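Reader: I've got a new model open on my screen and I'd like to learn how to read it. Could you walk me through it, one feature at a time?

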Amino acid sequence: MHVLRLIFKNSFRHKLRTFLTVLGVSIAILAFGLLRTVVSAWYAGVEASSASRLVTRNAISLIFPLPLSYKEKIRQVEGVKSVSYGSWFGGIYIDEKHFFANYAMEPEHYLAIYPEIIIPPDQKAAFLRDRKSAVAGRKLADRYGWKIGDAVTLRGTIFPGNWEFIIRGIYRGRDQNVDETAFFFHWEYLNETMKKTSPGRADQVGWYMVEVRNPNLAADVSVRIDKMFRNSLAETLTETEKAFNLGFISMTEAILITIQLVSYVIILIIMAVVANTMAMTARERIGEYAVFKTLGFGGFHVAGLIFGESLFITLTGAAIGILLTFPAAKVFAQQLSTYFPIFNVERETIYLDIAAACLIGISAAAFPTWRAVRIRIADGLRRIG
């Protein structure tokens, strides 16, 4: 207890220096935590993927469609439980700044394949009845103040024209990592319009969502589906939902690597700052450490004082930084919900913050401790004068 009290008093012997060091550590841990949360948010869709769901798309690229006739053929493949389909719509609401994911889908089987999308029964029934209806995520509806029955117009880019929809449902996620900023509507509404305006683009879908009876059969079912359409005009590539989502993330891999590198650089910078603080502290107390040695205290006790002070300062700063991470992440999520629909501080991020703080504290105290332990009593006492 006396040692802990001594460490506490030593930490606040130079209040301004300690305050600035704690502040620096807090800001560094806050920045590190937010950057790691950005990386986690990037992979949120991957983490939400189900092992029992497959995605079948055109083997050349996702931008090339597949015939609607593939649906029944895929359904007959052994191991397939259910099949749905959809197309990316890419509509613009108001202007390009108000971007959100919007797509057409076959609703009945789609909602059955994705049970994590929760729609109240009355809203779901109304949505299934009306082909011009749409469903919006809870966060998206809150963002624009949409209510049930509101009319929403999207300007088509891939499918030109002004498309009018009626909000019949507002969904919420069953789990915390479910995207609640999407907008989807009936694929039949899109297809009927294409038959009138662009017959050549009708009866084509962007991808198929396939639910398998057993996740262990996913690989075999994927092979069977792709083998069925081999050498056809539109060959397919079937992969797990997780692999499909990772394909999108791989397009931005350079950005992710940069973010991760920046987070590590922040830790290195604050490590240098704390090391400088501890070096100054140890240099000022060389005489005191020499007195300790004359009283019979060994190098272990001196090391304990220096490491204890360093860890106390860094862990105090880390605690403040971690506490600030949650409100900061909430503000970040509100301001950038379009780009990061899921922005939650994960438990692993907190563990990384604590580990980073311990690493900073131990590394910053290593050299001052080595120097204080090795110095001879006579040399230490000589510095008192």
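**Starting with the empty space**

Author: Let's begin inside. Asn10, Ser11, Arg13, His14, Arg17, Thr18, Thr277, Thr281, Arg285, Glu309 and Ile313 line the largest cavity. Helix H1 (2-11), H2, helix H11 (253-284) and helix H13 (299-335) are the elements that give two or more residues to this lining. Keep in mind that this is a predicted model.

Reader: How do people find a hole like that, and how much space lies in the largest cavity?

Author: The general idea is simple. Rolling a probe the size of a water molecule over the atoms shows where empty space is left. Here, the largest cavity holds about 60 Å³ of space. The search of the whole structure turns up two cavities of 30 Å³ or more.

Reader: And pockets? What volume does the second largest pocket have?

Author: A pocket is open, whereas a probe in a cavity cannot get out. The second largest pocket has a volume of about 460 Å³. Its lining counts 21 residues, and Leu62, Ile63, Phe64, Trp88 and Gly206 are the ones nearest its centre.

Reader: Which element gives the most to the lining of the second largest pocket?

Author: That's H10, with four residues. Strand S3 (80-88), strand S10 (204-205) and helix H10 (241-250) each bring at least two residues to the lining of this pocket.

Reader: Let me zoom out. How is the protein divided into domains?

Author: There are two pieces to look for: domain 1 (3-44 + 253-382) and domain 2 (60-234). Notice that domain 1 is written as two stretches of sequence. Taken over C-alpha atoms, the centres of domain 1 and domain 2 are 48 Å apart.

Reader: Can you give me a pair of residues to get a feel for distances?

Author: Try proline 368 and isoleucine 167. They are 201 residues apart along the chain, and 65 Å separates their C-alpha atoms. Proline 368 sits in helix H14 (residues 347-374). For another pair, take valine 291 and arginine 13, which are 278 residues apart in sequence and 18 Å apart in space, C-alpha to C-alpha. Valine 291 belongs to helix H12 (residues 286-294).

Reader: Is proline 368 buried or exposed?

Author: For this you compare the relative accessible area with cut-offs: under 20% is buried, over 50% is exposed, and in between is partly exposed. Proline 368 has 5% relative accessibility, so it counts as buried. Valine 291 comes out at 36%, and is therefore partly exposed.

Reader: Now salt bridges. What's the idea, and how many salt bridges does the structure hold?

Author: Side chains of opposite charge can pair when their charged atoms come close. This structure holds 11 salt bridges. One of them joins arginine 57 and glutamate 239, with the closest N and O atoms 3.6 Å apart. Arginine 57 is in strand S1 (residues 53-58) and glutamate 239 in strand S12 (residues 236-240), so the bridge ties together parts 182 residues apart in sequence.

Reader: Are those two partners buried or exposed?

Author: Arginine 57 is buried because its relative accessible area is 16%. Glutamate 239, at 18% relative accessibility, counts as buried too.

Reader: Can you show me a pair with a contrast in burial?

Author: Sure: glutamate 180 and arginine 138 meet in a salt bridge at 2.4 Å, N to O. This pair also links distant parts of the chain, 42 residues apart: glutamate 180 is in the loop between strand S8 (161-173) and strand S9 (183-186), and arginine 138 is in helix H7 (residues 138-144). Glutamate 180 is buried, at 6% relative accessibility, whereas arginine 138, at 37%, is partly exposed.

Reader: What about the pair aspartate 150 and lysine 147?

Author: Their side chains form a salt bridge too, at 3.9 Å, N to O. Aspartate 150 is partly exposed at 22% relative accessibility, and lysine 147 is exposed at 53%. There's also a network of salt bridges to click on, linking Arg53, Glu116 and Glu241.

Reader: Last one: which residues form a nonpolar patch on the surface?

Author: Colour Leu16, Phe19, Leu20, Leu23 and Ile27, which together have about 520 Å² of accessible area. Leucine 23 lies in helix H2 (residues 15-42). With 38% relative accessibility, leucine 23 counts as partly exposed.

Conventions:
Residues numbered from 1 in each chain as written. Predicted model: local features only at pLDDT ≥ 70, side-chain atom pairs only at ≥ 80, totals over all residues. Heavy atoms only, no water. Domains from an automatic or database assignment. Patch = residues over 30% accessible without salt bridge, like charges linked within 9 Å, V, L, I, M, F, W, Y side chains within 5 Å. Areas by Shrake-Rupley, 256 points an atom, 1.4 Å probe, with all protein chains shown as cover. Salt bridge = Lys/Arg side-chain N within 4 Å of Asp/Glu carboxyl O. Buried < 20%, exposed > 50% of the residue type's maximum accessible area, 1.4 Å probe, protein only. 1 Å grid on protein atoms, 1.4 Å probe; cavity = no way out; pocket = protein on both sides within 12 Å on 5 of 7 lines; lining within 4 Å. Points joined across faces, edges and corners; volume = space filled by probe spheres on them.
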